[in-house]
Amino acid sequence: MAKMSSGNAAGGSSSKAAPVALDAIDRRILDLLSTDGRASVREVAERARIGRATAYNRLQRLQSTGVIRGFTVVLDPRRAGAGLAVYVYIKIDQHAWRQLGGLVAELPGVEHVALVSGDFDLLVLVRVQDPSDLRDVVLERLHAIEGVTATQTTFVLDEVDGVGFVFGE
């Protein structure tokens with residue numbers, strides 16, 4: 001099960017990027033790495049039942065084409081001190097959406113920013129330590145950004161991780 005993110009490493013959108021053709025071996029490698037991003041090339045080769053040189057070349061290609069954007073650690077936000085999670089719905093001036101997504105993404109505690117349809121324009125996942133930090137992020141910093149016209153905050157009461165995108169063979 002590959003967890004995927006639609007933004008690029010710099011925080012922008014990759015929505016215009018063309019899909020990369022992936023065969024069954026690529027999908028197997030991606031599934032392996034999505035469950036164990038620390039696996040060595042040797043381990044990937046063994047578990048994917050391919051040669052080490054083939055695994056290395058496949059990994060290099062998946063990285064150079066942007067399919068794999070990086071390797072990361074998955075944190076438990078509560079144990080790491082960010083036990084308060086909220087979704088902030090943001091209305092913005094329509095002419096400013098390209099710049100505002102990046103500015104909002106730089107705010108402390110912002111985990112994800114999405115341009116959405118409907119009554120609001122941006123949906124932002126924010127994780128902070130306590131209500132005081134949330135007040136600072138939303139009322140002081142977010143509302144200070146030119147082009148933000150309104151916000152609505154919804155508190156997350158509980159979370160369950162989904163399976164993510166699953167590559168079929």
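Good morning. Of the 169 residues in the protein chain, buried residues make up 30%. I should say at once that this is a predicted model. The exposed area of the protein chain comes to about 11100 Å², and carbon and sulfur atoms supply 52% of that area. As for contacts between residues at least 6 apart in sequence, 68% of them join residues at least 24 apart.

Let me turn to the fold. The protein chain contains five helices and four strands. Taken in sequence order, these elements give the pattern α-α-α-β-α-β-β-α-β.

In what order do the four strands stand in the sheet? The order is β2-β3-β1-β4, in an open sheet with antiparallel pairing. Strands β2 (110-115) and β4 (148-155) each have a single partner strand and stand at the edges, so one side of each has no neighbour in the sheet. On average, and with direction ignored, neighbouring strands of this sheet are turned by 20° against each other. As general background, strands of a sheet pair through backbone hydrogen bonds, in either a parallel or an antiparallel manner.

One pairing deserves a closer look. Strand β1, residues 84-92, runs antiparallel to strand β3, residues 122-128, and seven bridges join the two. Within that pairing, V88 has V124 in β3 as its bridge partner.

Two helices are to be placed against this sheet. Helix α5, residues 131-142, packs on the sheet and touches β1, β3 and β4. The direction of α5 makes about 10° with that of β1. Helix α4, residues 97-105, lies across β1, β2, β3 and β4, and runs at about 165° to β2.

I now move to the helical part earlier in the sequence, beginning with two arginines. Is R28 buried or exposed? R28 sits in helix α1, residues 24-35. Its relative accessible area is 19%, and since the cut-off for buried is under 20%, R28 counts as buried. The side chain of R28 reaches the backbone oxygen of A48 at 2.4 Å.

R49, by contrast, is exposed, with a relative accessible area of 64%. R49 is placed in the loop between α2 (41-48) and α3 (52-64). What is the phi of R49? It is near 60°, a positive value in a residue other than glycine. For context, most residues other than glycine have a negative phi.

The next topic is charge pairing. In general, side chains of opposite charge can pair when their charged atoms come close. How many salt bridges does the structure hold? There are nine.

The side chains of D36 and R47 form one of them, at 3.7 Å from N to O. This pair links distant parts of the chain, with D36 in the loop between α1 and α2 and R47 in helix α2, 11 residues apart. Both are partly exposed: D36 has 26% relative accessibility, and R47 has 37%.

D23, D26, R58 and R61 are linked in a network of salt bridges. A further salt bridge joins D136 and R141, whose closest N and O atoms are 2.8 Å apart. Here too both partners are partly exposed, D136 with a relative accessible area of 29% and R141 at 41%.

Back in the sheet, the side chains of R127 and E111 meet in a salt bridge of 2.5 Å, N to O. R127 belongs to strand β3 and E111 to strand β2, 16 residues apart, so that the pair links distant parts of the chain. R127 counts as buried at 13% relative accessibility, whereas E111 counts as partly exposed at 48%.

R127 also leads us to the segment after β4, where E159 lies. Which residues does E159 touch, leaving aside those up to four places away in sequence? They are A85 and R127. The side chains of E159 and R127 are joined by a polar contact of 2.7 Å. The C-alpha atoms of E159 and A85 are separated by 9.5 Å, although the two residues are 74 apart along the chain. E159 itself is partly exposed, with a relative accessible area of 32%.

To close, I would draw attention once more to R127, a buried residue that meets E111 in a salt bridge and E159 in a polar contact. Thank you.

How values were computed:
Residues are numbered from 1 along each chain as its sequence is written. This is a predicted model: local features need pLDDT of at least 70, side-chain atom pairs count only at pLDDT 80 or more; totals for chains, interfaces and linings use all residues. Side-chain values use heavy atoms; hydrogens and water are left out. Buried means under 20% relative accessible area, exposed over 50%, partly exposed in between (1.4 Å probe, protein chains only). Contact means heavy atoms within 4.5 Å. Accessible areas come from the Shrake-Rupley method with a 1.4 Å probe; for residues, only the protein chains shown count as cover. Two strands pair if DSSP finds at least two bridges between them. Axes are lines fitted to C-alpha atoms, for helices over the stretch in contact, and angles run from 0 to 180 degrees between N-to-C directions. A polar contact is a pair of N or O atoms within 3.5 Å; within protein, one must be able to donate a hydrogen and the other to accept it, and residues adjacent in sequence count only if both atoms are side-chain atoms. A salt bridge is a side-chain nitrogen of Lys or Arg within 4 Å of a carboxyl oxygen of Asp or Glu.
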